[in-house]
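Reader: I've just opened this one and I'm new to it. Could you walk me through it, question by question?

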Amino acid sequence: MDPLLFVIFINDLVDICVENITFYLFADDAKMYCHIKDFADKNKLQRGIEKFVKWTNKWQVSLNINKCKIMSVHHRRYSNMGVSPNYVMNNTPLEEVMEIKDLGVRFDSLVVFDKHISEKNKQSLYDVGHN
C-alpha cells in the first residue's frame with residue numbers, strides 16, 4: 001500500500017483511544033501506552049487493547065501477536081507496585097519483556113541505556129578496527 005494511503009487508512013486508529021491511553025504510530029508500527037497507578041488504569045489499558053483488536057478486525061488488518069509485547073517502564077523504587085502487567089490480545093496472553101529494540105534504540109524497563117550504549121560502543125570499535 002502507498003505510504004500516504006496507509007496514513008489515511010490508519011488515521012482513525014487514534015480515535016479509539018480510551019481515557020489516558022496514548023498511541024504512537026510510525027509506518028506500520030503502533031505503540032500504546034498508559035500511566036498505570038492502580039487496577040483501574042490496568043483495566044483501561046486492557047479495554048484499549050480490546051478496542052484496538054476490534055479496529056483491526058473491522059478493517060481486516062492482521063496482527064502478528066508474537067510481535068506484540070508488554071513492557072512496564074518504571075523507576076527502580078517503583079518496580080513492584082502490586083499491579084501485574086498481565087494483558088491479553090485475542091485471548092492470547094501478551095509476553096512481558098524487560099527490554100525492546102525500536103528503531104535501532106534498545107529501551108529497557110528502567111530507561112537506563114547501558115546495554116544500548118555498550119552495544120553501540122562495541123559496534124563502533126568493530127567498525128573502526130575493520131576499515
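**A first look around**

Author: Sure. Keep in mind that this is a predicted model. One thing to start with is how contacts are spread along the sequence: among contacts in the chain with a separation of 6 or more, residues 24 or more positions apart account for 52%.

Reader: How many helices and strands does the chain have, and what pattern do they follow?

Author: The count comes to three helices and eight strands. Reading along the sequence gives their order, which is α-β-β-α-β-β-β-β-β-β-α.

Reader: What box do the C-alpha atoms fill, and what share of the residues counts as buried?

Author: Taken along the principal axes, the C-alpha box is roughly 50 × 45 × 25 Å. The chain has 131 residues, and the share of them that counts as buried is 22%.

Reader: Which residues have the most contacts inside the largest nonpolar core?

Author: That core has 17 residues. Its largest share, five residues, comes from helix 2, which covers residues 39-58. In general, nonpolar side chains in soluble globular proteins tend to be buried together. In this core, the residues with the most contacts are M89 and L94.

Reader: What does L94 contact, leaving aside its neighbours within four places in sequence?

Author: With those neighbours set aside, M89 is one of its partners, and a cysteine is on the list too. The full set for L94 is I49, I65, C68, I70, Y87, V88 and M89.

Reader: Is C68 buried or exposed, and why?

Author: The cut-off for buried is under 20% relative accessible area. C68 has a relative accessible area of 17%, so C68 is buried.

Reader: And C34, buried or exposed? Also, how many disulfides does a search of the whole structure find?

Author: C34 has a relative accessible area of 13%, so C34 is buried as well. As for disulfides, the search covers the whole structure, and the number found is zero.

Reader: Why does K44 count as buried, and which residues does K44 touch?

Author: K44 is found in helix 2. Its relative accessibility is 15%, and because buried means under 20%, K44 makes the cut. Not counting residues up to four places away in sequence, K44 touches V18, E19, N20 and I21.

Reader: How far apart are the mean positions of the positive and negative charges?

Author: The chain has 17 positive and 17 negative charges. Take the mean position of each set, and the distance between the two is 4 Å.

Methods: Residues are numbered from 1 along each chain as its sequence is written. This is a predicted model: local features need pLDDT of at least 70, side-chain atom pairs count only at pLDDT 80 or more; totals for chains, interfaces and linings use all residues. Side-chain values use heavy atoms; hydrogens and water are left out. A nonpolar core is a set of buried Ala, Val, Leu, Ile, Met, Phe, Trp, Tyr and Cys residues joined through side-chain atoms within 4.5 Å. Buried means under 20% relative accessible area, exposed over 50%, partly exposed in between (1.4 Å probe, protein chains only). Helices (H or I, at least four residues) and strands (E, at least two) are DSSP runs, numbered from the N terminus. Contact means heavy atoms within 4.5 Å. Lys and Arg count as positive and Asp and Glu as negative; His and the chain ends are not counted. The place of a charge is taken as NZ of Lys, CZ of Arg, CG of Asp or CD of Glu. A disulfide is a pair of cysteine sulfur atoms within 2.5 Å.
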